[in-house]
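The following exercises concern one molecular structure. Each consists of a task and a solution that proceeds step by step.

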2 protein chains.
Amino acid sequence: MEGSDYMTVEKKIEYISEILREKNISPSLQRIQIYKYLMENHVHPNVDMIYKVLVKTIPTLSKTTVYNTLKLFQEKGLVSVITIEENEARFDINTHLHGHFKCINCGKIFDFEIKELKIESNLEKENKIVDQQLYIRGYCKDCLKKMEK
Amino acid sequence: MEGSDYMTVEKKIEYISEILREKNISPSLQRIQIYKYLMENHVHPNVDMIYKVLVKTIPTLSKTTVYNTLKLFQEKGLVSVITIEENEARFDINTHLHGHFKCINCGKIFDFEIKELKIESNLEKENKIVDQQLYIRGYCKDCLKKMEK
DNA sequence: ATCATTGCAAACACTTTGCATACGC
DNA sequence: GCGTATGCAAAGTGTTTGCAATGAT
């Protein structure tokens, strides 16, 4: 729901609280703010990025809480973990299926659209799919231009 | 080339040496054995699994060498890194595009076939793709059966 | 008062780095 | 003999764990 951009802060907090309650998560300040950050910043942040931004408004915040909360969100299907980086987890609010491209030169990660994806029909029938991720690694447009010079 | 299953050890070593030389990698004992292991064991091993098996035949082997070698192979496009696990890298000989399913209950990882995949045409035109990975996380057939009971 | 949540500090595990030793042409 | 490859030990880094303090009902 992208209409959330136009909500007042209070309405947004109530909206997020409701999402959390639906998943049986009690809406604490920390949890609301972490969800709000992910909702407003589709930048595939890692734990440190989330922590550094939120600790400014919640000075007592600890990284453990960020870890705990993201793990909880993940278990409840609210966020998906992007493991395209080899050394750290990144997080994204669960939206429709889309791919992630990572530039192996500048490190940038961006989304791309998946138009069609067909896999073995048995896989979907026999197993229970929780999460799908398509990763592409390579050199991005901008880096290719710089390399030509 | 699956005919490699029927090769004598000597022929296989010569075959691997040639693959390495083509990529400007001097075929040392360690490098050959690591490549051979990946060629014969499509089990998406992590560094430790490779190390523990090979140290039996190469007692002086160190994990650093396994790390170095896999990084080199990766740079030269001989192996692809599977980052479906959140805490460790796994490795696979580069073959045709296929997906990896990871059971979030038992931890098993297995391959599946991708029948069709269409992404934004601009992505392929404008950027240079080096590696593609499709990951699906969920509950596998066997674990679902056990859960029913 | 009780149970859940938070957060500090220490422990863990995978990976990288620095540097000395050994190897190969 | 000289450049490359190897491997040990130490350091680095993201993440988890144990447990005490805090907060909510």
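A polar contact is a pair of N or O atoms within 3.5 Å. The model examined here is predicted.

**Exercise 1.** Determine which atom of DNA strand C lies 2.8 Å from the side chain of B:Y67.

*Solution.*
Step 1. The partner of the N or O atom in the side chain of B:Y67 is a phosphate oxygen of DNA strand C, at 2.8 Å.
Step 2. The cut-off for a polar contact is 3.5 Å, and the pair formed with B:Y67, at 2.8 Å, satisfies this limit.
Step 3. From chain A, the side chain of A:T60 likewise places an N or O atom 2.8 Å from a phosphate oxygen of DNA strand C.
Step 4. For A:T64, the partner is a base nitrogen of DNA strand C, 3.2 Å from an N or O atom of the side chain.

**Exercise 2.** Describe the protein surface near DNA strand C.

*Solution.*
Step 1. DNA strand C is surrounded by 15 residues, and the closest are A:S28, A:T60, A:S62, B:Y67 and B:A89.
Step 2. Of the atoms of DNA strand C that come within 4 Å of the protein, 77% belong to sugar and phosphate.
Step 3. Helices α2 (29-40) and α4 (63-75) of chain A, and α4 (63-75) of chain B, each contribute at least two residues to this surface.
Step 4. By class, the surface near DNA strand C comprises four nonpolar, nine polar and two charged residues.

**Exercise 3.** Characterise how domain 1 of chain A meets domain 2 of chain A.

*Solution.*
Step 1. Domain 1 of chain A spans 9-92, and domain 2 spans 98-148. The C-alpha centres of these two domains are 23 Å apart.
Step 2. Ten residues of domain 1 of chain A contact 13 residues of domain 2 of chain A.
Step 3. Between the two domains, about 860 Å² is buried, with 53% of this area given by carbon and sulfur atoms. On the side of domain 1 of chain A, A:H44, A:I84 and A:E85 supply 58% of the area buried against domain 2, more than any other three residues.
Step 4. Two salt bridges are counted between the domains. A:E86 forms a salt bridge with A:R137, with 4.0 Å between the closest N and O atoms.
Step 5. Seven residue pairs are in polar contact across the two domains of chain A. On the side of domain 1 that touches domain 2, the elements giving two or more residues are β1 (79-82) and β2 (90-93) of chain A; the largest share, three residues, comes from β1(A).
Step 6. This side of domain 1 of chain A has three nonpolar, three polar and four charged residues.

Conventions. Residues numbered from 1 in each chain as written. Chains lettered and ligands numbered in written order. Predicted model: local features only at pLDDT ≥ 70, side-chain atom pairs only at ≥ 80, totals over all residues. Heavy atoms only, no water. Domains from an automatic or database assignment. Contact = heavy atoms within 4.5 Å. Buried area = accessible area lost by both parts, 1.4 Å probe. Salt bridge = Lys/Arg side-chain N within 4 Å of Asp/Glu carboxyl O. Polar contact = N/O pair within 3.5 Å; in protein donor to acceptor, adjacent residues only side chain to side chain. Helix = DSSP H or I, 4+ residues; strand = E, 2+ residues; numbered from the N terminus. Nonpolar A, V, L, I, M, F, W, Y, C, P; charged D, E, K, R; others polar. Near = heavy atom within 4 Å.
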